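Open the model in your viewer and keep the selection panel at hand. The tour goes from a pocket to a cavity and ends at a helix.

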Amino acid sequence: KGSLGITNVLFLFNSFLQLNILPSFGFLFDIDGVLVRGKTPIPAAKTAFQKLVNSQGQFLVPVVFVTNAGNCLRQKKADQLSHLLGVPVKQVMMSHSPLRMFKRYHEKCVLVSGQGPLLDIARDLGFCQPITIETLREKHPLLDVVDHDRRPNVLVSVYFCFKILSVVLFGEPVRWETNLQLIIDVLLTSGYPGNPYHRENYPHIPVLACNMDLMWVAEAQSPRFGHGTFMVCLENIYKKITGKDLKYEVLMGKPSKLTYQYAEYLIRAQAAERQWKQPIQTLYAVGDNLMTDVYGANLYNRYLEENSRKGSKSRIQNELASAAAAHCRSVLVCTGVYNPHAEVPLDTRESITETVFHGHRDFRFDPGLVEPDHIVPDVDAAVDLVFQLENFAPN
């Protein structure tokens with residue numbers, strides 16, 4: 001009887017040792033469609049958050065909230081999550097967050113497109129000379145003439161002495177016709193929009209784009225146009241006028257590899273700050289969109305595995321530490337864009353059909369990259385699943 005008691009104790013002790021009390025993984029949570037729909041919280045999110053924090057409100061695992069939104073400051077997104085949990089702004093990653101690394105553009109005059117506090121966003125990222133579309137329109141009032149009510153009564157032009165050296169697309173604007181017109185003017189005049197077009201100036205000045213989402217989900221029953229739709233318009237107008245492809249210096253936001261590299265950097269920074277010695281081996285990207293969240297996570301997982309096989313680690317702009325994770329797993333929730341009844345073609349030649357592939361023009365469709373590692377009903381189920389997979393039992 002005593003021997004049996006000792007055996008049971010040893011069994012329980014060994015079982016306890018197999019549980020992980022320090023995290024070797026991190027979460028990358030999408031926001032819209034996963035935690036909220038528009039301004040309305042998804043009920044499962046509150047339950048999920050209760051499992052992610054301790055009694056002091058500290059996260060039990062490293063977490064980054066990765067959103068493709070680009071028309072607001074990180075603080076606003078953090079505030080939007082306050083009804084669920086107090087989220088530190090440093091754990092929120094916008095689509096434009098990696099622009100902090102592109103310091104070679106920070107001292108230059110850049111044209112910024114989108115809506116919201118664009119100048120505040122640009123300056124927060126490090127840009128010293130941002131110019132908005134509205135400011136450019138004021139300097140060159142003859143350029144914006146689609147809306148007859150906004151045409152100038154007096155045909156004058158204000159002298160604009162700065163050369164625009166790059167264009168930054170933060171997100172979808174309000175007046176698409178104005179932004180499309182003036183961005184095309186800047187690209188076809190090499191940064192002097194008051195001048196005549198010079199089509200021979202190719203390639204054009206650099207364009208840095210954030211958030212490629214064709215559509216996104218809010219309170220409406222159907223998805224709404226996203227910044228990716230605006231980019232489709234800009235690309236096709238440029239192509240129609242010049243016969244050449246609009247080129248991007250960098251594309252940011254999911255499914256860009258750059259976004260996941262920067263997110264991993266933030267995950268590891270959190271782990272270091274909390275003095276968690278366990279290396280972060282696996283990232284779990286929880287999202288609702290096959291073409292952004294799942295595609296991006298799987299694409300980054302492919303990159304990590306290729307790096308592992310080659311035994312090499314690449315760096316971004318020499319400013320981020322090399323990738324350290326071994327895997328990036330995609331977890332798809334059914335509370336947002338994802339339609340479980342939609343079909344994905346097996347023939348990659350069908351990728352040219354826009355009704356099938358909603359991803360960006362520069363991302364070749366690969367059916368294997370839109371297959372999630374896991375499908376769960378909601379974010380609460382996602383947290384349960386990952387804790388089970390990781391055998392995670394925090395104190």
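**Stop 1: the largest pocket**

Select α3 (74-80), β10 (215-216) and α9 (290-310): each supplies at least two residues of the lining of the largest pocket. Keep in mind that this is a predicted model. Of the three, color α3 first. With three residues, α3 gives the largest share of this lining.

How much space lies in the largest pocket? About 680 Å³. To find its centre, show D32, A69, K77, E172 and W216 as sticks; of the 31 residues that line the pocket, these are the closest to that point.

Now color by domain. Domain 1 (25-95 + 255-390) and domain 2 (99-251) each give at least three residues to the lining of the largest pocket. Then color the lining by residue class. Seven of its residues are nonpolar, 13 are polar and eleven are charged.

**Stop 2: the second largest cavity**

Move on to the enclosed space. The structure holds two cavities of 30 Å³ or more. Go to the second largest, with about 50 Å³ of space.

Select its lining: L28, F29, D30, V66, K254, Y260, A285, V286, G287 and D293. Which elements give two or more residues to this lining? They are β1 (25-29) and β13 (282-287). Highlight β13, which gives the most, with three residues.

Apply the residue-class coloring here too. The lining of the second largest cavity has six nonpolar residues, one polar residue and three charged ones.

**Stop 3: helix α10**

Keep β1 and β13 on screen. Add helix α10, residues 379-389. Its buried residues are V379, D380, A382, V383, L385, V386 and F387. Show them as sticks.

What do the buried residues of α10 pack against? Their partners include β1 and β13, the two elements that each give two or more residues to the lining of the second largest cavity. Add α2 (43-52), β14 (327-333) and β15 (374-376) to complete the set of packing partners.

Next, zoom in on the N-terminal end of α10. D378 caps this end. Draw a distance from a side-chain oxygen of D378 to the backbone nitrogen of D380: the atoms lie 3.2 Å apart. D380 is also on the list of buried residues in α10.

Finish past the other end of the helix. Select N391, just after α10. Check its backbone: N391 takes a positive phi of about 50°.

Methods
Residues numbered from 1 in each chain as written. Predicted model: local features only at pLDDT ≥ 70, side-chain atom pairs only at ≥ 80, totals over all residues. Heavy atoms only, no water. 1 Å grid on protein atoms, 1.4 Å probe; cavity = no way out; pocket = protein on both sides within 12 Å on 5 of 7 lines; lining within 4 Å. Points joined across faces, edges and corners; volume = space filled by probe spheres on them. Helix = DSSP H or I, 4+ residues; strand = E, 2+ residues; numbered from the N terminus. Nonpolar A, V, L, I, M, F, W, Y, C, P; charged D, E, K, R; others polar. Buried < 20%, exposed > 50% of the residue type's maximum accessible area, 1.4 Å probe, protein only. Contact = heavy atoms within 4.5 Å. Polar contact = N/O pair within 3.5 Å; in protein donor to acceptor, adjacent residues only side chain to side chain. Domains from an automatic or database assignment.
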